[in-house]
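Student: Before we discuss any details, could you please bring up the sequence together with the model?

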Amino acid sequence: MDRFHTDVLPRRLRTGKVALVAVIVLIAVAGTLAFLSHFSSAPSVAIAQDASPKSKAPSKATPTPRKAPEPTSPAASVAKKNSLDSKAQPIVKDWPQPAFVLAITGQMHGYIEPCGCSPRQSGGLARRSDLFRQLREDKKWPVLAVETGGTLNYERVTRHQSVLKFNMILDALNGMGYRGLGLGTEELQLTPIKLFSVYSERNVQEGFDMPFVAANVVLLGSTDLGTPQAYRILDIGGKKVAVTSIFGNEFKNEVSLISKDELTIADPAVALPPVIAAMKKENPDAMVLMSYDSSEASRATAQKFPEFNVVVSAGGADDPGEEYEMIGDTLFFVSGMKGKHVNLVGFYPGEKTPMRFERVELDQDRFKRDPAIRKLMQEYQDRLKEEWLTPGSEVRAFTFPHESGHQFVGAKACAECHASAYEVWEGSNHANATASLLDGRPEEKGEWIDRTYDPECLCCHATGWDASGAIPYTDGFIDEKTTPHLLGNQCENCHGPGSEHVKLEKELKAKGGAPSTAVAASRKAVHVSKANAEKKVCLKCHDFDNSPKFDFEKYWPDIAHPTPESEKSAK
Amino acid sequence: MNMKSMLGAFLALVLAVGGTAFLVARAAKAKPVSTTSAAPVPVNGVYRENPFPTVVEGPKSKVSVPEVNFKFGAMPLGEDRSHEFVFKNEGDGPLKLAKGPLMCKCTMPDVPDQEVKPGESLSIKLTWKPEETAEEFYKNAVIWTNDPENPQITLSVEGKVFEDPGASPRVYILGEIPWDKDFETSGHFATVSYKDMEIESCESSDPEHISATWSPEDASNFPQVEGALQSPIKSFAVNVKIAPNGQVGPFSGWLKLKLKNCIATEHKIDVFGNRAGPIAIHGPDYQASMSLIDLKRFKSAEGKKTRLFMFLAPFGEELKITEVVSKSNLLSATLAKKSQDGAEKERYELTIEAKPGAVVGTVFSVNAPDDLMIKTNHPKVPEILFKAKYIVQ
């Protein structure tokens, strides 16, 4: 048959057949070469895998360094990756089914939403909640979560808003299955009495099971308050986990002015031994220490108390990368900050690799926003609105006159003389700054929650506020109805309150003549040079967190406006 | 076709199918690692992926970076620090480098747009300008290379950032202080750089009630903790006095230390506290600044309860309510001691209840509140007047 068909094939096709065979052979050769080259390059893949945190999963017998050692050769110094696709990787990709997962977070510093105002940034309680959902519902893994403390913003912890936010955070964490909160600097700065008040309310709340935990903190001079608990024994996945926490010596100074009647902090080295003994009596499968202390001090504590399987420090860098270390048999790592990460420890009792570690960055690609957190956010904003609209309420209690002693008059008053500058401002995003709190981000259309009464937002979205402290000046913006003349981010946020300047210029206009010394001084006072704007003014709001793409030279033309001098020279 | 040629053709076919399948599989597998035909486009000069095509044949670059991490140590806030990382080409082809993502826009390497010839080196400067103090920072930046063995190099810097001059504590949080007498406390203010620094004066947000004095102290008195300046050369003890203003409740203010012989001309210290009366009252539904209890909305048939917590110094007997007067006749109050005998501060739980059965639609607001007067056996606090807001549904 073959012979017949070959013989009868036209010459053209026979030539084509030869070509086809040649192509097949070529492909075969190329494929073979590619196949062989794969094996010759295989070791580089293995090295890359070795560099990943998954394969660095701690072995109890093998201590690993704190961070990657300073390399002396390229082979040790580089990770063989061609793209930064780690965020796109599934979480805990290579983990087998663990007995349970311990999730530890810390130092949220008030960032209940992604670090800063940009959704591109990592973090946020809504994404964190989705991580727990993925672990519990998609993977069906038992997950136990604890928080080291430091939930609030240090700079703003004394504001009443922090108490409201603290309550929101507690609800959110409890809902996610957190079962303990260590006491950090910011919690203690709320003051022990407020802390106790919050505890008392939560203690009788049905379904709330996230007590404060601290081995060395006594509130209000009494150990019979019921809070904080020295340690907790928690059942998870049929295992027993003992968790405790310390407030370390390195941060004590920040709460040192609170009287001993209210707050007593014992040396962790003294407070821990009896707590460890009590924990051990419970025969736990794992012992965990949350150390609210510097990373160095926490490391020393981990060395001093090797009974702990896991020690997490609330110190260290805000973006700790992927590092962890073994201190003897103890897995040690830092929590990270601003709620950007969740540290996961998988437990595999009795196995060669008894623990695995992964620090998960809460990016927008892998994690959705949990509607349950959105509901809490709505309630939080509703509560803020209610209190904000109540004159004399505590959320409005902290207010100061502007340091210049002058008052805010509003952009319209400026426009009387600086029409061209006003026109530029009116067409800028600054003019819509307050409205944007109501309208929200385009990508959150339909889900956005109005922030018009949130002082932490208003401070950069309205006029007459101390932006860094999130405190309104005495005559700063309150709401659209009360202070409509201060809507948006107006002239006076950069130039200072204009009452004196306006008054003197009006007097000069009425009287005529040469400007007085006072007029000249007031003009100088409201003048902002470009250099000063770059160094001191814009960055108050356009900081790393809230305006990550901010580039002064690129943004400046959008708001640069004619000055009296430039208008004169143009004429 | 003879047997030999048939076998040859079959072998070729097997290799062709196998090879093709492998090529397709490898292409699919390789998709995420930038072997796609579209060249990566930089955004603001930053490449998310390695922009260099894989060099398969011919001379190749070989990058050598002896040091990829640099420790700046402790640095004062306001300063920036830079370090130059050296990239040496030890290969036989030209080395190309491109800027990858930076951590939080905090480090800014300037990657020269030039090839590094074999045997030559190039420095890339990493600059870190901190915007806030940090007990510890760690920042990194990615540099892409055309070295097929080492396509990505991650440079990093780390250190600590402290404020100089700086205060310890940074914020004066005083907790509860007496409402009827002066309260004094002290902190520290020091520098590691300005040996002639002086505090000239102190401005206060409320000069009548918040003031400060200062005096030089041994610099070793400044607390040596992480995150604060280390080994100061000059330190002052700063004594703060809070005078009574006739009111109880939270207060806030600031002090500005005016400086000379120092790069900073002033240093602001925030002060917070709570002037507590003989009885301090707290609770989640209670706003001390207005003595306001917020019972919110509740159903008439159910009524509403809230708990307040009272703290007081022992005065020789147990605190008792002697009479309760409710303007609306809807509110009642009960008191229970919660602390053990002998405690430095006694603790009581005060339960305020809006009784069931109130007329639906009853509204008490902040501007028109319900009043609740509680009379006690405390010699200094015979009466406590609360206001309450609520809506009965």
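Student: Which strands of chain B does helix 7 of chain A lie across, and at about what angle to strand 19 of chain B is helix 7 running?

Tutor: This is a predicted model, in which local features need pLDDT of at least 70 and side-chain atom pairs count only at pLDDT 80 or more, while totals for chains, interfaces and linings use all residues. Residues are numbered from 1 along each chain as its sequence is written, chains are lettered from A in the order in which they are written, and side-chain values use heavy atoms without hydrogens or water. Helices (H or I, at least four residues) and strands (E, at least two) are DSSP runs numbered from the N terminus, contact means heavy atoms within 4.5 Å, and angles run from 0 to 180 degrees between N-to-C directions of axes fitted to C-alpha atoms, for helices over the stretch in contact. Helix 7 (residues 192–203) of chain A lies across strand 16, strand 19 and strand 22 of chain B, and its angle to strand 19 is about 150°.

Student: Why is one side of strand 16 and of strand 21 of chain B left without a neighbour in the sheet?

Tutor: In chain B, 4 strands form an open antiparallel sheet in the order 16-19-22-21, where two strands pair if DSSP finds at least two bridges between them. Strand 16 (279–282) and strand 21 (331–337) of chain B stand at the edges, so one side of each lacks a neighbour because each has a single partner strand.

Student: Which residue of strand 22 of chain B stands opposite B:M310?

Tutor: Strand 19 (residues 304–312) and strand 22 (residues 346–354) of chain B pair in the antiparallel sense over 9 bridges. Opposite B:M310, in strand 22 of chain B, stands B:Y348.
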